[in-house]
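Here is a set of short exercises to work through at your own pace. Keep the structure open beside you, try each task, and then follow the solution step by step.

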There are 2 protein chains.
Amino acid sequence: MNKFFSTGLLGLLSFTTASLAQDYYANARAQWFKKAEACKPALTLTEKRPQHIVEIANDTTAFQHCRAVQVAPATSLDTTSFGDKKEIILDFGEHITGHFSFAVRTTGLAADGPLRFRFTFGEVPAEVSVPFDPYPGILSRAWLQDEVVTVMHVPDTITLPRRLAFRYVKIELLGYSPYYQFNLHDLKCMASTSVTTWPEPLPPTTDPIIRQIDQAGLNTLKECMQTVYEDGPKRDQRLWIGDLYLEALGNTYSFKQHDLTKRCLYLLAALSDTTGHLLATVIEQPVPRAQDKQFLFEYALLYNVALKDYLEATGDRTTAEDLWPVAKKQLDIVRENMRDNGLMDYEKLEETWWVFFDWREELHKEAATQGLAVFALRESYRLAELLGHEKEVADLPALIKKMTKAARKHMYNLATGLFTGTTSEQVSYASQIWMILGGIATPKEGQRALTALRTIPDVCRPGTPYLYHYYIQALLDCGMRQEAKQALATYWGGMVEKGADTFWETYDPQDDFLSQYNFYPLNSYCHAWSCTPVYFIRKYPEVFQR
Amino acid sequence: MNKFFSTGLLGLLSFTTASLAQDYYANARAQWFKKAEACKPALTLTEKRPQHIVEIANDTTAFQHCRAVQVAPATSLDTTSFGDKKEIILDFGEHITGHFSFAVRTTGLAADGPLRFRFTFGEVPAEVSVPFDPYPGILSRAWLQDEVVTVMHVPDTITLPRRLAFRYVKIELLGYSPYYQFNLHDLKCMASTSVTTWPEPLPPTTDPIIRQIDQAGLNTLKECMQTVYEDGPKRDQRLWIGDLYLEALGNTYSFKQHDLTKRCLYLLAALSDTTGHLLATVIEQPVPRAQDKQFLFEYALLYNVALKDYLEATGDRTTAEDLWPVAKKQLDIVRENMRDNGLMDYEKLEETWWVFFDWREELHKEAATQGLAVFALRESYRLAELLGHEKEVADLPALIKKMTKAARKHMYNLATGLFTGTTSEQVSYASQIWMILGGIATPKEGQRALTALRTIPDVCRPGTPYLYHYYIQALLDCGMRQEAKQALATYWGGMVEKGADTFWETYDPQDDFLSQYNFYPLNSYCHAWSCTPVYFIRKYPEVFQR
């Protein structure tokens, strides 16, 4: 896909060798990594116990047609022989990220043979109900949380090595001796998060649905805040710049654990490509390493916005100064991929960069690219101003002006009031959203465009909560407060009404089974980029807390 | 099945309470347990590496129709992507008991998702070829050695928690990411045994087949000698008196690690039933515990023989004196289950005791019971003599005489020269064997009976190497040396010729698929009771080493 070298910890180790000249951040990288590690938060562990034994009922009115029905308190497990049950499903009553353990003991005669279990963990009921094999998904089958465990000696207490993200656990007995009885007891999960504080509750006058959304949003963010901002504690369990940006927004308005943001910003810088460009994602375990060649256009630029936000939230100039060279370097992505006429050269950009915006294959991304580029330039210039580095990026004001003018000339349809790309007439939410966020559309034009969207039958809608976040922001930026509240209450409230206690990676109100991975149990049902109601509700109390 | 209380470590802990009066060995038990633990051997660990990548060919001329065919050296695994292979079978070149570990590493891009493998370990090729499910076996499915492992982070090194017994391992890739390549390396097994010395080699003039049998016998015994004499390192991984007796015979003539025998004798005594009777088997993990209610007639009596053998081999009078009360108590099994006419009351015996002798459902056990009882009385009296305790068992000589006379009167057919039970005309190897070993048949009568067996079309043959051991001993006791050598070379040599490097739990030359558990992959293929050629070959060099 591109010509860049891979990096990572092995790369770090070689920074002191003769190959240093090839590395853009040769002198700073090791120090950044050290600072990132110094900010690594301790995890708070809390013991969680199952609440109920449940059955999963097939119910076409329920989310994904699966409804968890309580049949007994979980404590009843302690006193019954598991050999008689063979299979049960437990509900822990809330989403948990952590290490699961259980104990087995005989209830009479000595254990004369080993036991074998399959444990299947699910964030949503369907995951403990739908068969995983034959496996149709396009990501690793190993993401699915089913673990087969042999217990050679009874009694014993077993902790599954894998960290899990779940609310439900199905336990199937796959092997047992007919010559003794046993039961399972002391089932628990040591839940982990790096969150230590909890924000003030919302005023009691806040709408109930907003309160519920806020709670689920806080839960989502809390579960994703581990030793980095993870995208999802089930999958991918790692730091992506796009998720970091939104999580940091949520964190600033809730838990305020800014050191985690600082850690992630340093980590991404330390593990950036040798060309100086950021890689979109860092895999933290077993040692932090960037995913080589994973260049994602918007994410690299949103890093700058996250850094500016961090500086504004904390006043931590040291970090911002440390990382300013990184932000400055990312701006080249815009400069080097722009045509003379002030429009982003989308075709050229795509040769090197993944341009994401949303999980919608049909989305035409030209206009959104232009809008996001201008948004990022504006925010980056603001960062330069805060640090007094305007001279280093003195070309930006003219560049922003030129790009804005070009977009208005080539991408704005005065008749319809809608923005489109130059090579496609597709009307999409993404295009309008980013033209508004980039300040290319005036608030009034933005209102007109966002309102017009509703009348276009084949409009390209948001496919993820990720883009939906920017939609809410665009509504607010255009002063469409009531619409913003309504949209948030409808979209995130829709998940709540379908039983979400954490927000999902993918949510299409019309299709419970939508999956980017060709298998909906593989979706993450606690996903960072869905947590932002936490931010909206608290940043705009006059809109959401009335 | 019986009225006895269960015992075990929990029982041990209560020996100091008011319930002491109910316990036959109240004052000695804790001390015995302490002595057993003091003799617990350290395990010697040896790193073993796979030798070859093999394929299992379907071959009706091969044992269980499976032949392992070498296709590449195992080292070729280090340099090839496992994602391209998806499944391989490795041959470690020898039977190993221990902990298996492996490492995974990427061969390029960072690992962006977890891996999932199934490892299937087999003592024989069929175990890594035959599907385990749907599972038809009658013991726990969990005995089968297939383990599913998720590797969440790459690189990593994983040690499977379960101790394994295997020569072959099949590795199947069940989950992987399409976005990176990886390979498996550093596959190894830390092989464990408590054997530290190796006996002198046999003279070079010994028949090749005898030398091969001896080698496989030594391997079998070595693999079973862990922190107790196990019956089989794959299954059941525990101490049975019957196996102990034969393993101790083998050990006395090979490794001479008598402390392991001592440990097992003390452990069985410490964990015997509160009535004073021995339980047939001790499960060592997680804490030593006898299998409650598992009363096995011959095994309880063979304990006495093993104790006598131990004293003769070591001269350790302290241990023999300590455990003499246990041996003395077991004699009551004979006294209390004998009719006035001097015959064992087989029906009464069976109400309380499992009478085993062999895995042959059709075997009529009355005559063997009589023979074994007399054998045990004789050996126990010899033990009393060695310790000077004849007066405590002064009834034995008369009892032996009476039982011998009764057997000769009621169970010996002068016309055929064969022994049978009183309620069945079945002619079996077991009946002749035990009448000979009990000294009820004279050597000459024994010769006649053993010779006659070959001419009986529907004779009940031995079903296990366990009974075959006693058959060889009976042949030797009757002076049928050539026949003994021939039988040993044919039976154990048959296993060697079918590829055995350790001897099997079950071996019927006519039926490779015979299983007591309704599923031949569940059979143990390294089984203690099959190790005794080691003893015969060295105890009778004039027969086997010519």
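## Exercise 1: Two copies and an axis

In chain A, A:V148 is the residue that comes closest to the rotation axis, with its C-alpha at 2.9 Å. Keep in mind that this is a predicted model.

**Task.** Find out how chain A and chain B are related, and which surface each copy uses to meet the other.

**Solution.**
- Step 1: Chain A is superposed on chain B by a rotation of 180° with 0.0 Å of shift along the axis, and the RMSD is 0.1 Å.
- Step 2: The two copies are therefore related as by a two-fold rotation axis.
- Step 3: Now look at the contact, to which chain A gives 35 residues and chain B gives 35 residues.
- Step 4: In chain A, the elements that give two or more residues to the side touching chain B are β5 (115–122), β6 (146–151), β8 (164–175) and β12 (289–290). The largest share, three residues, comes from β6(A).
- Step 5: Sorted by class, this side of chain A holds 16 nonpolar, ten polar and nine charged residues.
- Step 6: Of the interface residues of chain A, 100% are also interface residues in chain B, so the copies meet through the same surface.

## Exercise 2: How far to trust the model

**Task.** Which stretch of chain A has a pLDDT below 50?

**Solution.**
- Step 1: Start with the whole model, which scores ipTM 0.94 and pTM 0.94.
- Step 2: For chain A the mean pLDDT is 94, and 96% of its residues reach 70 or more.
- Step 3: Residues 1–20 of chain A are the stretch with pLDDT below 50, and this stretch still has 34 contacts in the model beyond near neighbours in sequence.
- Step 4: Where pLDDT is low, the predicted coordinates should not be read in detail.

## Exercise 3: A small sheet in chain B

**Task.** In what order do the three strands of the open sheet β10, β11 and β12 of chain B stand, and which of them are at the edges?

**Solution.**
- Step 1: The order is β10-β11-β12, and the pairing is antiparallel.
- Step 2: The edges are taken by β10 (239–240) and β12 (289–290) of chain B; each has a single partner strand, so one side of each is left without a neighbour in the sheet.
- Step 3: Zoom in on β11 (residues 281–283) of chain B, which is joined to β12(B) by two bridges. One residue pair to look for is B:V282 with its bridge partner B:A290 in β12(B).
- Step 4: Follow the loop between β11 and β12 of chain B to B:P286. A cis peptide bond, with omega about -5°, joins B:Q285 to B:P286.
- Step 5: Look for another cis peptide bond, between B:V154 and B:P155, where omega is about 5°. B:P155 sits in the loop between β6 (146–151) and β7 (156–159) of chain B.

## Exercise 4: Covered or hardly covered?

**Task.** How many residues are buried in helix α12 of chain B, and how many in strand β1 of chain B?

**Solution.**
- Step 1: To count as buried, a residue needs 20 or more other C-beta atoms within 10 Å of its own.
- Step 2: In α12(B), residues 429–437, nine of nine residues are buried; among them are B:W434 and B:L437.
- Step 3: The cover over these residues includes α10 (366–387), α11 (396–410), β14 (418–419), α13 (443–453) and α14 (465–477) of chain B.
- Step 4: In β1(B), residues 44–48, the count of buried residues is zero out of five.
- Step 5: Strand β1(B) does have a partner, since it pairs with β9 (residues 182–193) of chain B in the antiparallel sense over five bridges. Across this pairing, B:L45 stands opposite B:S192.

## Exercise 5: Positive phi

**Task.** Is B:K86 buried or exposed, and what is the sign of its phi?

**Solution.**
- Step 1: Locate B:K86 in the loop between α3 (82–85) and β4 (87–106) of chain B.
- Step 2: B:K86 has 11 C-beta neighbours inside 10 Å, so it counts as exposed.
- Step 3: Its phi is positive, about 70°, although B:K86 is not a glycine.
- Step 4: Most residues other than glycine have a negative phi.
- Step 5: For a second case, turn to A:K256, which has a positive phi of about 55° and is not a glycine either. A:K256 lies in the loop between α5 (241–252) and α6 (258–270) of chain A, and with 13 other C-beta atoms within 10 Å it is partly exposed.

Conventions
Residues numbered from 1 in each chain as written. Chains lettered and ligands numbered in written order. Predicted model: local features only at pLDDT ≥ 70, side-chain atom pairs only at ≥ 80, totals over all residues. Buried ≥ 20, exposed ≤ 12 C-beta atoms within 10 Å, placed from the backbone. Helix = DSSP H or I, 4+ residues; strand = E, 2+ residues; numbered from the N terminus. Contact = placed C-beta atoms within 7 Å. Nonpolar A, V, L, I, M, F, W, Y, C, P; charged D, E, K, R; others polar. Pairing = 2+ DSSP bridges. pLDDT = per-residue confidence, 0-100. Least-squares fit on C-alpha atoms with pLDDT ≥ 70 in both.
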